[in-house]
Amino acid sequence: MEKRIYVLEDNDDIREIVSLLLEEEKYEVFAFPNIAAFRFGLAKGKPADLFLLDVMLPDGNGMDYCSELKSSPVTSCMPVVMMSANFSNEEINKRCFADDYIHKPFEIDDFVKRISAQIH
């Protein structure tokens, strides 16, 4: 069974690249440009195996949404990986309980390995 990853990334190019990288690794990817679309997709879609969230979004903050996911009984046990070019791992850990943090720009092999480590 394919593992499902929900991606929240407002930059179209990064969202497309991340989706392609993950699909090449045989993950089923659901990608969204903002929190509103992400919430709708999550409510209507299949359960996730991992959430990959950007921090700076047009309609909110990915760290706040990470905290929401981690405090919900439905999604609290699912890994959350944060991505940002503007925040450090320490800053993210202060604001949410993400399972991992990937700094942008990222190295492709490292990105794939870190996602794989969290999902398996």
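The following paragraphs lead through a predicted model of a protein chain, from its overall fold to a few individual residues.

The secondary structure of the chain consists of five helices and seven strands. Followed along the sequence, these elements are arranged as β-α-β-α-β-β-β-α-β-α-β-α. The radius of gyration is 13 Å, close to the 14 Å that the globule rule gives for 120 residues, so the chain is as compact as a globular protein of that length. Its C-alpha trace spans about 30 × 30 × 25 Å along the principal axes.

Further values describe the chain as a whole. Of its 120 residues, 45% count as buried. When contacts between residues at least 6 apart in sequence are considered, 62% of them join residues at least 24 apart. The accessible surface comes to about 6,400 Å², and carbon and sulfur atoms account for 53% of that area. The chain carries 13 positive and 22 negative charges, and the mean positions of these two sets are 6 Å apart.

A useful place to begin at residue level is Asp54. This residue lies in strand E3, which covers residues 50–54. Is Asp54 buried or exposed? Its relative accessible area is 5%, and because buried means under 20%, Asp54 counts as buried. Leaving aside neighbours within four places in sequence, Asp54 is in contact with Leu8, Glu9, Asp10, Gly62, Met82, Met83, Ser84 and Lys104. With Lys104 there is also a polar contact between side chains, at 3.0 Å.

That contact leads to Lys104, which is placed in the loop between E7 and H5. Lys104 has a relative accessible area of 11% and is therefore buried, the limit being under 20%. Which residues does Lys104 touch, if those up to four places away in sequence are not counted? They are Glu9, Ile14, Asp54, Met83, Ser84 and Ala85. Besides the 3.0 Å polar contact with the side chain of Asp54, the side chain of Lys104 makes a polar contact with the side chain of Glu9, at 2.8 Å. Glu9, Met83 and Ser84 are among the residues in contact with Asp54, and they are also among those that Lys104 touches. Asn86 offers a further point of reference: it is 18 residues from Lys104 along the chain, and the C-alpha atoms of the two are separated by 8.3 Å.

The backbone that follows Lys104 deserves attention as well. Lys104 and Pro105 are joined by a cis peptide bond, with omega of about -5°. Pro105 is in the loop between strand E7 (100–103) and helix H5 (108–119).

A second backbone feature concerns Lys26, in the loop between H1 and strand E2 (28–32). The phi angle of Lys26 is near 75°, a positive value in a residue other than glycine. Lys26 has a relative accessibility of 59%, and because exposed means over 50%, the residue counts as exposed.

Two other loop residues can be located by reference to Pro58. Asn11 is found in the loop between strand E1 (4–8) and helix H1 (12–24). With a relative accessible area of 34%, Asn11 is partly exposed. Asn11 and Pro58 are 47 residues apart in sequence, while their C-alpha atoms are 9.9 Å apart in space.

Pro47 occupies the loop between helix H2 (35–44) and E3. Its relative accessible area is 56%, and Pro47 is exposed. Residues up to four places away in sequence not being counted, Pro47 touches Arg4 and Tyr6. How far apart are the C-alpha atoms of Pro47 and Pro58? They are separated by 25 Å, the two residues being 11 residues apart along the chain.

Terms used. Residues are numbered from 1 along each chain as its sequence is written. This is a predicted model: local features need pLDDT of at least 70, side-chain atom pairs count only at pLDDT 80 or more; totals for chains, interfaces and linings use all residues. Side-chain values use heavy atoms; hydrogens and water are left out. Helices (H or I, at least four residues) and strands (E, at least two) are DSSP runs, numbered from the N terminus. The radius of gyration is taken over C-alpha atoms; the globule rule is 2.2 Å times the number of residues to the power 0.38. Buried means under 20% relative accessible area, exposed over 50%, partly exposed in between (1.4 Å probe, protein chains only). Contact means heavy atoms within 4.5 Å. Accessible areas come from the Shrake-Rupley method with a 1.4 Å probe; for residues, only the protein chains shown count as cover. Lys and Arg count as positive and Asp and Glu as negative; His and the chain ends are not counted. The place of a charge is taken as NZ of Lys, CZ of Arg, CG of Asp or CD of Glu. A polar contact is a pair of N or O atoms within 3.5 Å; within protein, one must be able to donate a hydrogen and the other to accept it, and residues adjacent in sequence count only if both atoms are side-chain atoms.
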